[in-house]
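Open the model in your viewer and keep the selection box at hand. Each stop below gives you something to select, then tells you what is there.

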Amino acid sequence: DESLVYDLDSPELNLGDTCERGSQLRPHIVWFGEPVSNIEKAAGIVRQADIFAIIGTSLVVYPAAGLVSFLKPEVPIFVINPDTQHPEIGEQVTFIETGAGEGVRILTEKIRLYAK
């Protein structure tokens, strides 16, 4: 039940921590095989993008990885991920093969150049 979201008093969630209906509490994340809420809304936002940055994924987990298919063909894509194996997602992709912290710094410079 998406309406049952709780703030926790501690940083841990333990077996036996239950909601008001008696079900086990779990992190507010999507597990493999579960539907992603708001994926349609995300696709609509992606359709409007001028630049698209993907940080910290190898683009193999769907449906989120499929969001790139909603981009306009001319939109540049920047992928920040230290993994050197990449799926084929188009010629407009620039891979920044490093961690997120360093990668965002590099991306910022590339966007400045792109904007000129």
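Is arginine 105 buried, partly exposed or exposed? Select arginine 105: its relative accessibility is 48%, so it counts as partly exposed. Keep in mind throughout that this is a predicted model.

**Stop 1: helix 2**

Stay with arginine 105 and add glutamate 102. These two form a salt bridge, and their closest N and O atoms are 2.6 Å apart. Both residues belong to helix 2, which covers residues 100–115. They sit three residues apart, about one turn of the helix. Glutamate 102 has a relative accessible area of 37%, so it too falls between the 20% and 50% cut-offs and is partly exposed.

Now select glutamate 109 and arginine 112. Their side chains meet in a salt bridge, 2.6 Å from N to O. What separates the two along the helix? About one helical turn, because they are three residues apart in helix 2. Glutamate 109 is partly exposed, with a relative accessible area of 40%. Arginine 112 is partly exposed as well, at 49%.

**Stop 2: the remaining salt bridge**

How many salt bridges does the model hold? The count comes to three. To see another of them, select glutamate 34 and arginine 26. They form a salt bridge, with 2.7 Å between the closest N and O atoms. Glutamate 34 has a relative accessible area of 29%, which means it is partly exposed. Arginine 26 is partly exposed too, with 39%.

Keep both residues selected. Each one leads to a pocket.

**Stop 3: the largest pocket**

Start from arginine 26. Together with Asp1, Leu4, Pro27 and His28, Arg26 lies nearest the centre of the largest pocket. Select these five to find the place. The full lining has 21 residues. The pocket holds about 670 Å³ of space. Colour the lining by class: twelve residues are nonpolar, four are polar and five are charged.

**Stop 4: the second largest pocket**

Now go from glutamate 34. Glu34 is one of the residues that line the second largest pocket. Select the stretch Ile29, Val30, Trp31, Phe32, Gly33 and Glu34, then add Val36. Complete the lining with Val61, Tyr62, Pro63 and Ala64. This pocket holds about 170 Å³ of space. Its lining has nine nonpolar residues, one polar and one charged.

**Stop 5: a nonpolar patch**

Keep Phe32 and Val61 from that lining and add Val60. Phe32, Val60 and Val61 form a nonpolar patch on the surface. Together they have about 340 Å² of accessible area. Where does valine 61 lie? It is in the loop between strand 1 (52–55) and strand 2 (77–80). With a relative accessibility of 38%, valine 61 counts as partly exposed.

**Stop 6: into helix 1**

Select asparagine 38. It lies in the segment before helix 1. Check its backbone: phi is positive, about 70°, although asparagine 38 is not a glycine. Its relative accessible area is 51%, just past the 50% cut-off, so it is exposed.

Step on to isoleucine 39, which is in helix 1 (residues 39–47). Is isoleucine 39 buried or exposed? Its relative accessibility is 18%, so it counts as buried. Draw a distance from its C-alpha to that of isoleucine 54: the two are 15 Å apart in space and 15 residues apart in sequence.

**Stop 7: two loop residues and their partners**

Select proline 76, in the loop between strand 1 and strand 2. Its relative accessible area is 11%, which means it is buried. Add isoleucine 111. The C-alpha atoms of this pair are separated by 9.9 Å, with their positions 35 residues apart along the chain.

Finish with isoleucine 89. This residue lies in the loop between strand 2 and strand 3 (93–96). At 22% relative accessibility, isoleucine 89 counts as partly exposed, because buried requires under 20%. Add glycine 66: C-alpha to C-alpha, isoleucine 89 and glycine 66 are 9.7 Å apart, and in sequence they are 23 residues apart.

Notes:
Residues are numbered from 1 along each chain as its sequence is written. This is a predicted model: local features need pLDDT of at least 70, side-chain atom pairs count only at pLDDT 80 or more; totals for chains, interfaces and linings use all residues. Side-chain values use heavy atoms; hydrogens and water are left out. On a 1 Å grid over the protein atoms alone, a cavity is a set of points where a 1.4 Å probe fits but cannot get out, and a pocket is an open set with protein on both sides within 12 Å along at least five of seven lines; lining residues have an atom within 4 Å of a point. Grid points are joined across faces, edges and corners, and a volume is the space filled by probe spheres set on the points. Ala, Val, Leu, Ile, Met, Phe, Trp, Tyr, Cys and Pro count as nonpolar, Asp, Glu, Lys and Arg as charged, and the others, Gly among them, as polar. Patches are made of residues with over 30% relative accessible area and no salt bridge: like charges are joined within 9 Å, nonpolar side chains (Val, Leu, Ile, Met, Phe, Trp, Tyr) within 5 Å. Accessible areas come from the Shrake-Rupley method with a 1.4 Å probe; for residues, only the protein chains shown count as cover. A salt bridge is a side-chain nitrogen of Lys or Arg within 4 Å of a carboxyl oxygen of Asp or Glu. Helices (H or I, at least four residues) and strands (E, at least two) are DSSP runs, numbered from the N terminus. Buried means under 20% relative accessible area, exposed over 50%, partly exposed in between (1.4 Å probe, protein chains only).
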